[in-house]
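Trainee: I have the sequence and the structure open. I want to test the labels one by one.
Mentor: Good. Ask for the grounds each time.

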Amino acid sequence: MTKKEIKKILMSLRTSNNDNIVNNLLGKIDLLTDEKITSMVNQIGDSEESIRNYLQTKLEKQQEHHHEKHTPINEMFTYGIAGRSIHLHMPIDLHQMISEKGISKTIDTVNLQLLDAIERIRKLQNEGYYKFKEKGSIYMISPILVGREIKFLNGLDFKTQTYKKKELKDDRFVSEHPEAQLAIHIFGKESNVGTAIIGLDVINSDEWQKKRKTQVKAFEEKGIKLDTEEKDISEN
């Protein structure tokens, strides 16, 4: 089963209710190497029925997760609130961007947008935005947060954790790690899942702001820049 065939099956499962989720999964599949695709197919089963059942289950679990209200913060990211934490999500289709820019530039673009989203949250909280009052951290959980992305976040003082598929299939391990239970609830057991968290006090520090500006400059030197038009979320 090839990547193209898997994407064709996924697109056949598209409905008006899951359109954004399908687009997001298509982008994630585009990021997978051929070796990852082969490994995934070997685990799921190399038949259309097996792949279809796996993708259908994946869509249903993510639809349940997406019932939480997510508010746009910039072109790529949305946020939700859980307790004292602001959860960032990226519910967009990446596969067209990857085909146009390649994987490396796409990842850099996503990370620049992530820095922009974090900075907007910081400013809004400091200005007294009511949704962010008494919030203490920014949190992310996603199969995208592995490898190179985790390294990027570690360099920005995020506390990160990676849960491997083998661990997510170990009932004893899962019972002892609530975050692994959350990963399974949202994404299932067939993908490695990464998490990242950072305190809002950290991103307000002069040291962290210097790191952010240095990274933004590095992206700009590669020709990757933000749209200057600001999205006003204060009305949401």
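Trainee: What makes the link between the side chains of Asn74 and Asp116 a polar contact?
Mentor: This is a predicted model, so the value is computed from its atoms. The cut-off for a pair of N or O atoms is 3.5 Å. The side chains of Asn74 and Asp116 come to 2.9 Å. That qualifies as a polar contact.

Trainee: What else does the side chain of Asn74 reach?
Mentor: The backbone oxygen of Gln113, at 2.8 Å.

Trainee: Where does Asn74 lie, and why is Asn74 called buried?
Mentor: Asn74 lies in the loop between strand 1 and strand 2. Buried means under 20% relative accessible area. Asn74 has 4%, so Asn74 is buried.

Trainee: Lys7 is a lysine in helix 1. Why is Lys7 called buried?
Mentor: Apply the cut-off of under 20% again. Lys7 has a relative accessible area of 17%, so buried is the right word. Setting aside neighbours within four places in sequence, Lys7 is in contact with Leu26, Ile29, Asp30 and His95. The C-alpha atoms of Lys7 and Val22 are 9.5 Å apart, with their places 15 residues apart along the chain.

Trainee: What makes the phi of Glu134 worth a remark?
Mentor: Most residues other than glycine have a negative phi. Glu134 has a positive one, near 65°. Glu134 sits in the loop between helix 6 and strand 4.

Trainee: Is Glu134 buried or exposed, and how do you know?
Mentor: Exposed means over 50%. Glu134 has 68% relative accessibility, so Glu134 counts as exposed.

Trainee: Why is Asp157 called partly exposed?
Mentor: Partly exposed is the range between the buried and exposed cut-offs, under 20% and over 50%. Asp157 has 34%, so Asp157 counts as partly exposed. Asp157 is in the loop between helix 7 and strand 5. Phi of Asp157 is also positive, near 70°.

Trainee: What is the phi of Gly188?
Mentor: About 80°, a positive value, just after helix 10. Within helix 10, the buried residues are Ala180, Ala183, Ile184, Ile186 and Phe187.

Trainee: Now the sheet. Why are strand 1 and strand 5 said to stand at the edges?
Mentor: Start with the order of the 6 strands, 1-2-3-4-6-5, in an open sheet with mixed pairing. Strand 1 and strand 5 each have a single partner strand, so one side of each is left without a neighbour in the sheet.

Trainee: How do you know that strand 2 and strand 3 pair?
Mentor: Pairing needs at least two bridges. Strand 2 and strand 3 have 5, in the antiparallel sense. In one of them, Ile81 has Ile86 of strand 3 as its partner.

Trainee: Which helices pack on the sheet?
Mentor: Helix 6 packs there, touching strand 3 and strand 4, and its direction makes about 150° with that of strand 3. Helix 10 packs there too, touching strand 4, strand 5 and strand 6. The direction of helix 10 makes about 55° with that of strand 4.

Trainee: What makes strand 6 a partner of both strand 4 and strand 5?
Mentor: Set the counts against at least two bridges. Strand 4 and strand 6 share 6, running antiparallel. Strand 5 and strand 6 share 5, also antiparallel. Ser142 stands opposite Gly194 in strand 6, and Tyr163 has Val193 as its bridge partner.

Trainee: Why is strand 6 called mostly covered?
Mentor: Of its 7 residues, 6 are buried.

Trainee: Which residues touch the most other members of the largest nonpolar core?
Mentor: Phe77 and Leu88, out of 37 residues. Helix 6 gives the largest share of this core, 8 residues. Leaving aside neighbours within four places in sequence, Leu88 has contacts including Phe77, Leu114, Ile118 and Met140.

Trainee: Last one. How do you know that the radius of gyration fits a compact globule?
Mentor: For 236 residues, the rule gives a value near 18 Å. The protein has 18 Å, so the two agree.

Notes:
Residues are numbered from 1 along each chain as its sequence is written. Side-chain values use heavy atoms; hydrogens and water are left out. Buried means under 20% relative accessible area, exposed over 50%, partly exposed in between (1.4 Å probe, protein chains only). Helices (H or I, at least four residues) and strands (E, at least two) are DSSP runs, numbered from the N terminus. A nonpolar core is a set of buried Ala, Val, Leu, Ile, Met, Phe, Trp, Tyr and Cys residues joined through side-chain atoms within 4.5 Å. Contact means heavy atoms within 4.5 Å. A polar contact is a pair of N or O atoms within 3.5 Å; within protein, one must be able to donate a hydrogen and the other to accept it, and residues adjacent in sequence count only if both atoms are side-chain atoms. Axes are lines fitted to C-alpha atoms, for helices over the stretch in contact, and angles run from 0 to 180 degrees between N-to-C directions. The radius of gyration is taken over C-alpha atoms; the globule rule is 2.2 Å times the number of residues to the power 0.38.
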